[in-house]
Amino acid sequence: MTAISQPAGSAPAGPAPAALAWFSGIARVFEYRLLSYRRTFRSSIFNSFVGPALFLAAMGVGLGTYVDQSATAELGGVSYLAFLAPGLLAATAMQTASFEATFPIMGGLVWNRVYHAMYATPLRPRDIALGNLAWIGFRVLLVSSVFVLVTALFGAAASPLIVLAIPVGLLTGLAFAGPIAAFSATQRTVEKFNAVFRFGITPLFLFSGTFFPIESLPAFLQPIAWLTPLYHGVALSRGLSLGTAAEEPLLMLAHAAILVAFAAAGAAAAVRTISARLVRG
Amino acid sequence: MPEPLESQDSALIHARALTKRYAGFTAVDHIDFDVAQGESFGFLGPNGAGKTTTMRMIACVSPVTEGTLTVLGLDPARDGSRIRAQLGVVPQRDTLDEELTTRENLIIYGRYFGLPRSESARRADELLDFAQLSERGNDQVEPLSGGMKRRLTIARSLINDPRLLLLDEPTTGLDPQARHLVWDRLYRLKQRGVTLVLTTHYMDEAEQLCDRLVVMDKAKIVAEGSPRDLIERYSTREVTELRFREGVQETLDGQLDGIGERIERLPDRILVYAEDGDAAAAAIHARGLQPETVLVRRSSLEDVFLRLTGRSLIE
């Protein structure tokens, strides 16, 4: 009749439940994140969707009018807006993913400890780590899609290949989400998160080729850009959006491979540190 | 309800020489115990005795360093996820999502166990009723009282109809009234035949809820039995508590000798262990001693713990 009139503890010692399929644990964690996102959805609309559109309008259209009077050759002969939009897409993917990989990870492990509650169920630490990364990927996918849509509405999409910039945004986001989530799981306070944003995310946002080609950077800084995932995300996204990707397919593949490597290594690290934190209690 | 006859591995939990070491210290040191189906089993001991660490090993969230542990006949190292699917866990600190409603907390928890959404929602409503929270079903958790959150956590632990319910300090931090409400719910589960394993440093909680318990101190089990067994074995039937005016207790040297079976001196009072506490009190007065207060009471697990370790449970 009721769940508790067939009392717990008296359940017959039937066969133990089957092992959890690899994806179903991830899906259950994703479902939790979706449920809690429904509460904050409205307030996140501005950050995720309206913000980038305003940025694109101010920088791309406003500032772009001046840039286009003198510098189109350095930008590959396209308008500043067309140059900026795919870069900004990758940079926004990075920002969204980085935010989602810091505070919410700490929240579940330290503040309300809901990830510890999940670990008391059939869910395994790797489900909790990968479920969160899957959620971050979903958020980035949404943001990237809106970005591509807005870019197209501004008339700044030079090639239909810009649709492929959506998965590039996803890849860029995951290249940051994994390593940053791995770091967040080792922290007990938010103190160092400020440093991550101030000395990591913000300089990358400004100097990875988003707003101007890295060739304009001092020569010694240019190789450094190669080491950061954002540069590869920007280059790939831009190559697709401007339709130049087809001219250098190997270079584009190299950009994609580097992003995949960051994402995979980061995910592995996140599984390790989140597991360690859950086991420690 | 009919209990199936079970063979050798009838124990729901079986531990031998169970040990947990962290870098530099041993939290649980070679402990042995079994918990049978339908039993209420307790770990009684002060903070830091190793109770929570033991519970975390049973709950398959903390790996065993050494020794044998089987839970529901399975090995936590290999089958942790499958064991956890059949457990209910009430952790020491609440792990609720306080921004969700009480009902949402229950439903999503059922989803972690793979319950279909409709089934999870059905059980959530029944459990809200059981936890006396039906009227708060659509309220956020955050403003609820500590006692309500505890009852919600207990309700949550039952969503998968567990074979074994683990409760780590279920009423620590609650006021007396809230504690009694929680005890009442746990007592109902016990009467329904739920297998309960709990840790506590409250002797009254252990006496009310446990059929059998082990006393833990400094990572080891120092005694095992039913509350009544332990009191009979390690204490007398009654205790006479004496409080003297400040400074007097230190001058009593030997003046109580021969009264009762045993005398325990605490910083603030003297405990005289005797079969007949009133007779002991009369004998004390007959010697011309004038304690400020005399209290005769029955022995409790607190006395057992004091006898075994020389210390109080709550320090």
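This is a short walk through a predicted model of two chains, A and B, with a selection to make at each stop. Residues are numbered from 1 along each chain as its sequence is written, while chains are lettered from A and ligands numbered from 1 in the order in which they are written. Because the model is predicted, local features need pLDDT of at least 70 and side-chain atom pairs count only at pLDDT 80 or more, whereas totals for chains, interfaces and linings use all residues.

**Stop 1: chain A as a whole**

Select chain A and switch to cartoon. You will find nine helices and zero strands; helices here are DSSP runs of H or I with at least four residues, strands are runs of E with at least two, and both are numbered from the N terminus. Along the sequence the pattern reads α-α-α-α-α-α-α-α-α. The C-alpha atoms fill a box of roughly 80 × 40 × 35 Å, taken along the principal axes.

How much of chain A is buried? Of its 281 residues, 48% are. A residue is called buried if 20 or more other C-beta atoms lie within 10 Å of its own, exposed if 12 or fewer, and partly exposed in between, with C-beta atoms placed from the backbone. Among the contacts in chain A with a separation of 6 or more, 83% come from residues 24 or more positions apart. A contact means that two C-beta atoms, placed from the backbone, lie within 7 Å.

**Stop 2: Arg113 of chain A**

Now pick Arg113(A), in the loop between helix H2 (80–111) and helix H3 (114–119) of chain A. Its phi is near 60 degrees, a positive value in a residue other than glycine. Most residues other than glycine have a negative phi. Arg113(A) is buried, with 20 other C-beta atoms within 10 Å.

**Stop 3: the domains of chain B**

Move to chain B and colour 10–229 as domain 1 and 236–298 as domain 2; these bounds come from an automatic or database domain assignment. The centres of the two domains, taken over C-alpha atoms, are 39 Å apart.

**Stop 4: a three-stranded sheet**

Within chain B, show strands E1, E2 and E4, which form an open antiparallel sheet in the order E2-E1-E4. Strands count as paired if DSSP finds at least two bridges between them. Strand E2 (25–36) and strand E4 (66–71) of chain B stand at the edges with a single partner strand each, so one side of each has no neighbour in the sheet. From one strand to the next, the twist averages 20 degrees; such angles run from 0 to 180 degrees between N-to-C directions, with axes as lines fitted to C-alpha atoms, for helices over the stretch in contact.

Zoom in on strand E1 (residues 11–22) of chain B, which is joined to E2(B) by eight bridges. Which residue of E2(B) is the bridge partner of Arg21(B)? Select Thr26(B) to see that partner.

**Stop 5: two helices side by side**

Next, select helix H5 (residues 146–157) and helix H6 (residues 176–191) of chain B, whose axes come within 9 Å and cross at roughly 15 degrees. That makes H5(B) roughly parallel to H6(B), the label for angles under 35 degrees (over 145 is roughly antiparallel, 65 to 115 roughly perpendicular and the rest oblique). To view the contact, show side chains of Gly146(B), Gly147(B), Arg150(B), Arg151(B) and Ile154(B) in H5(B), which meet Ala178(B), Leu181(B), Val182(B) and Arg185(B) in H6(B).

**Stop 6: a hairpin**

Strand E8 (residues 212–217) and strand E9 (residues 220–225) of chain B pair in the antiparallel sense over five bridges. They form a hairpin with two residues between them, and Asp217(B) stands opposite Lys220(B) in E9(B). In the turn, Lys218(B) has a positive phi of about 50 degrees although it is not a glycine. With 13 C-beta neighbours inside 10 Å, Lys218(B) counts as partly exposed.

**Stop 7: a four-stranded sheet and its helix**

Show the open antiparallel sheet of chain B with the order E11-E12-E10-E13. E11(B) pairs with strand E12 (residues 270–274) of chain B over four bridges, with Ile263(B) opposite Val272(B) in E12(B). Add helix H9 (residues 277–286) of chain B, which lies across strand E10 (238–243), E12 and E13 and runs at about 35 degrees to E10(B).

**Stop 8: helix H10**

Finish at helix H10 (residues 301–309) of chain B, where seven of the nine residues are buried, including Leu301(B), Val304(B), Phe305(B) and Leu306(B). Just after H10(B), Gly310(B) takes a positive phi of about 75 degrees.
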